[in-house]
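Here is a friendly walk through one model, with an eye on packing and on backbone angles. Take a look at the structure first, then read on.

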Amino acid sequence: MKYDIIGDIHGCFAELLELINSLGYKFKNGLPIHMEGRQLAFVGDATDRGPDSLQTLQLLFSMQDAGILLYAPGNHCNKLYRYVKGNKVQQTHGLETTVAELDSLPKNKKEEFLLRYQSFYENLPLYVSLENGNLIIAHAGIPKRMIGAPISNSILTFVLYGDISGKTLPDGRPERRDWAKHYDGEPFIVYGHTPVPEARFVKNTVNIDTGCVFGGKLSALRYPEMEIRSVPSRQSNQPERFTRFE
């Protein structure tokens with residue numbers, strides 16, 4: 001198979017449609033179909049911060065219903081799931097924008113959407129393994145020792161949040177260690193979570209979160225070609241939100 005793996009969307013639905021079209025997909029019965037048999041995949045965090053989280057989710061729901069969704073959920077996906085389940089979560093870091101969209105729906109439509117999202121999330125894998133395990137999509141990445149291991153809290157935390165140190169940066173963000181620099185596994189890992197100005201290839205990994213919601217780009221990795229395709233963001237530029245690795 002050939003795949004087009006899209007980075008963190010964060011409610012940037014217009015950019016998502018532009019990128020999907022630029023990759024050569026045509027919509028048939030509401031589903032993106034490629035004449036050459038390519039398949040879309042996603043590194044997660046479809047919602048929060050951007051203007052159109054619900055439209056983005058509706059597309060993913062349709063793909064899931066059709067059995068063609070390849071989606072590795074992220075920390076924002078998990079937080080929305082906990083909100084939907086009635087857990088006490090802070091409506092911050094972008095969740096408030098998705099909740100505002102939900103609150104704008106008629107009560108019965110909101111309840112339907114919440115139930116559909118719960119089913120959507122519960123039917124997702126923690127990470128996506130393709131090509132006989134040679135290609136792995138994990139939202140914040142995954143080290144060699146965790147690939148194929150029984151799911152534990154430590155694996156869940158790493159895949160959703162990255163290699164966090166427990167420390168907090170001056171701007172309030174958690175400190176994340178550069179796990180990719182030390183990755184020595186055979187599977188090629190595609191991930192996002194940490195916005196970078198350009199797709200970052202390190203060893204056998206690539207970070208394709210190019211910060212669309214922060215004014216960067218929405219990017220996709222074409223696999224196995226290892227080409228990056230991007231469309232520019234329509235959101236306001238926030239350069240301070242990007243990580244620049246040494």
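## Backbone angles and helix packing

In this predicted model, His193 lies in the loop between strand 9 (188-191) and strand 10 (200-202). His193 is not a glycine, yet its phi is positive, at about 80°. Is His193 buried or exposed? Its relative accessibility is 8%, so His193 counts as buried.

Asn29 makes a good companion to look at next. Asn29 sits in the loop between strand 2 (25-28) and strand 3 (31-34), and although it is not a glycine, it has a positive phi of about 55°. With 81% relative accessibility, over the 50% cut-off, Asn29 counts as exposed.

Two glycines belong with this pair. Gly86 comes just after helix 3 and has a positive phi of about 90°. Gly162 comes just after helix 6, also with a positive phi of about 90°. The table gathers these four residues.

| Residue | Place | Phi |
|---|---|---|
| Asn29 | loop between strand 2 and strand 3 | about 55° |
| Gly86 | just after helix 3 | about 90° |
| Gly162 | just after helix 6 | about 90° |
| His193 | loop between strand 9 and strand 10 | about 80° |

One more backbone detail concerns omega. Tyr223 and Pro224 are joined by a cis peptide bond, with omega about 15°. Pro224 lies in the loop between strand 12 (217-223) and strand 13 (227-232).

Now for the chain as a whole. It contains 6 helices and 13 strands. Its radius of gyration is 17 Å, close to the 18 Å that the globule rule gives for 246 residues, so the chain is as compact as a globular protein of that length. Along the principal axes, the C-alpha atoms fill a box of roughly 50 × 45 × 40 Å. Of the 246 residues, 52% are buried. If you take the contacts between residues at least 6 apart in sequence, 61% of them join residues at least 24 apart.

Helix 3 is a good place to follow the packing. How many of its 10 residues are buried? The count is 9, and helix 3 is thus mostly covered. Among these buried residues are Asn75, His76, Cys77 and Asn78. The cover over the buried residues of helix 3 includes helix 2, helix 4, helix 5 (107-122) and helix 6.

Take helix 4 (residues 95-103) from that set: its axis and that of helix 3 come within 11 Å and cross at roughly 45°. The two helices are therefore oblique to each other, and helix 3 passes helix 4 in a right-handed crossing. On the helix 3 side, Lys79, Leu80 and Tyr83 meet Leu95, Thr98, Val99 and Leu102 of helix 4. The residues of this contact divide into 5 nonpolar, 1 polar and 1 charged.

Helix 6 (residues 153-161) also takes part. Ile155, Phe158, Val159 and Leu160 are buried there, and the buried residues of helix 6 pack against helix 3 (75-84).

A further helix pair lies earlier in the chain. Helix 1 (residues 13-22) packs with helix 2 (residues 53-65) at an angle of about 40°, and their axes are 8 Å apart. That angle makes helix 1 oblique to helix 2. Phe13, Leu16 and Ile20 in helix 1 meet Gln55, Thr56 and Leu59 in helix 2. The residues of this contact divide into 4 nonpolar, 2 polar and no charged.

Definitions and conventions:
Residues numbered from 1 in each chain as written. Predicted model: local features only at pLDDT ≥ 70, side-chain atom pairs only at ≥ 80, totals over all residues. Heavy atoms only, no water. Buried < 20%, exposed > 50% of the residue type's maximum accessible area, 1.4 Å probe, protein only. Helix = DSSP H or I, 4+ residues; strand = E, 2+ residues; numbered from the N terminus. Contact = heavy atoms within 4.5 Å. Axes fitted to C-alpha atoms, helices over the stretch in contact; angles between N-to-C directions. Parallel < 35°, antiparallel > 145°, perpendicular 65-115°, else oblique. Left-handed = near helix turned anticlockwise from the far one by under 90°. Nonpolar A, V, L, I, M, F, W, Y, C, P; charged D, E, K, R; others polar. Rg over C-alpha atoms; globule rule 2.2 N^0.38 Å.
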